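Visitor: I'm new to this one, and I'd like a close look at a single part of it. Could you take me to the largest pocket and show me what surrounds it?

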Amino acid sequence: GGVYVPVTEQTRPNSYLDVPDRDVVTTSGVALTKINPAYMTRQIAEIAAAGPGVQFHITSLRPIRPANAPDPWETASLESFENGVPERAEFLEKADAETVFRYMAPLRVEKSCLKCHAKQGYREGDVRGGISVTFPTGVMLAAQQKHVSSAVLALVIVWLCGLGGLAFAMWVVGRNVREIEDREQRFR
């Protein structure tokens, strides 16, 4: 259900987490707040968003926190999950002409989720939301190109070896044919 952490400027109590004992004070006077998995994931996502590369987002068609609302691509993905689609992946070109890869998988309600989400009408097994991952394809495509180049080089080497073997076999057969013809000439 979560962990208790010290309250800091970066980790404030989650006003959207409506559970008993969300905020406690230790016997030594340290204020602690409960951080649930979704809040932890959001904090990690915010750290990732500060730099280039992988971005991810937990969202739902019925988010508790309005800022967790899905974008149009995520909305379409979440709706497809509710119709039985197991996951969604797509290459998209952004407005700045950068190509990104987007992937999203559903988050299903488990028994432990109902402590916080039962009041939203969810039942165990329902699609509660999803987690989407977006990353620029430049690095991925560069790695893929390296593998393609290596595969092409290997195929060219195999092809050249095959041609060389074929040429050698033809030379040997030709030599043997000439030897046989020479022997036949001598015996005539």
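Guide: Here is a walk through the largest pocket, and then through the strands, the cavity and the cysteines. One thing to keep in mind is that this is a predicted model.

Let's start with the space itself. The largest pocket holds about 820 Å³. Its lining is made up of 36 residues, and those closest to the centre are Asn 36, Ala 38, Tyr 39, His 117 and Arg 128. If you want a place to begin in the viewer, pick those five residues.

What kinds of residues make up this lining? Sorted by class, there are 16 nonpolar residues, 13 polar ones and seven charged ones.

Now for the elements around the pocket. At least two lining residues come from each of these: helix H1 (37–49), strand E4 (55–59), helix H3 (114–117) and strand E7 (127–136). H1 gives the largest share, with seven residues.

Two of those elements, E4 and E7, take us into a sheet. It is an open sheet of four strands, ordered E4-E7-E6-E5, and the pairing is antiparallel. E4 sits at one edge and strand E5 (88–93) at the other, so to speak: each of them pairs on one side only. On average, neighbouring strands here are turned by 20° against each other, ignoring direction. As for E4 and E7, they run antiparallel and are joined by five bridges. To see one of these pairings up close, find Gln 55, whose bridge partner in E7 is Thr 134.

E7 also leads to a second space, this one a cavity. The search turns up one cavity of 30 Å³ or more, and the largest cavity has about 40 Å³ of space. Its lining consists of Ser 60, Leu 61, Arg 62, Leu 78, Glu 82, Tyr 122, Val 127, Arg 128 and Gly 129. Helix H2 (72–82) and E7 are the elements that give two or more residues to that lining, with E7 supplying the largest share, three residues. By class, the cavity lining has four nonpolar residues, two polar and three charged. You may recognise Arg 128 in that list: this residue lines the cavity and is also among the residues closest to the centre of the pocket.

Back at the pocket centre, there is another sheet to look at along the chain. Asn 36 and Ala 38 are among the closest residues to that centre, while strand E3 covers residues 31–35. E3 belongs to an open sheet of three strands in the order E1-E3-E2, again with antiparallel pairing. The edge strands are E1 (3–6) and E2 (23–25), each pairing on one side only. Neighbouring strands of this sheet are turned by 35° against each other on average, direction ignored.

E3 pairs with both of those edge strands. With E1, the pairing is antiparallel over four bridges, and Val 3 stands opposite Ile 35 in E3. With E2, the pairing is antiparallel over three bridges, and here Asp 23 stands opposite Thr 33. E2 and E3 also form a hairpin, with five residues between them. Look for Gly 29 in that turn, which has a positive phi of about 90°.

Is E3 enclosed or open to the outside? Four of its five residues are buried, so E3 is largely enclosed by the rest of the structure.

One last stop is the cysteines. Cys 113 lies in the loop between strand E6 (99–108) and H3, and H3 is one of the elements you met in the pocket lining. The C-alpha atoms of Cys 113 and Pro 37 are 10.0 Å apart, although 76 residues separate them along the chain.

How do Cys 113 and Cys 161 compare, buried or exposed? Cys 113 has a relative accessible area of 11%, so this residue counts as buried, the cut-off being under 20%. Cys 161 has a relative accessible area of 54%, so that residue counts as exposed, the cut-off being over 50%. As for disulfides, a search of the whole structure finds zero.

How values were computed. Residues are numbered from 1 along each chain as its sequence is written. This is a predicted model: local features need pLDDT of at least 70, side-chain atom pairs count only at pLDDT 80 or more; totals for chains, interfaces and linings use all residues. Side-chain values use heavy atoms; hydrogens and water are left out. A disulfide is a pair of cysteine sulfur atoms within 2.5 Å. Buried means under 20% relative accessible area, exposed over 50%, partly exposed in between (1.4 Å probe, protein chains only). On a 1 Å grid over the protein atoms alone, a cavity is a set of points where a 1.4 Å probe fits but cannot get out, and a pocket is an open set with protein on both sides within 12 Å along at least five of seven lines; lining residues have an atom within 4 Å of a point. Grid points are joined across faces, edges and corners, and a volume is the space filled by probe spheres set on the points. Ala, Val, Leu, Ile, Met, Phe, Trp, Tyr, Cys and Pro count as nonpolar, Asp, Glu, Lys and Arg as charged, and the others, Gly among them, as polar. Two strands pair if DSSP finds at least two bridges between them. Axes are lines fitted to C-alpha atoms, for helices over the stretch in contact, and angles run from 0 to 180 degrees between N-to-C directions.
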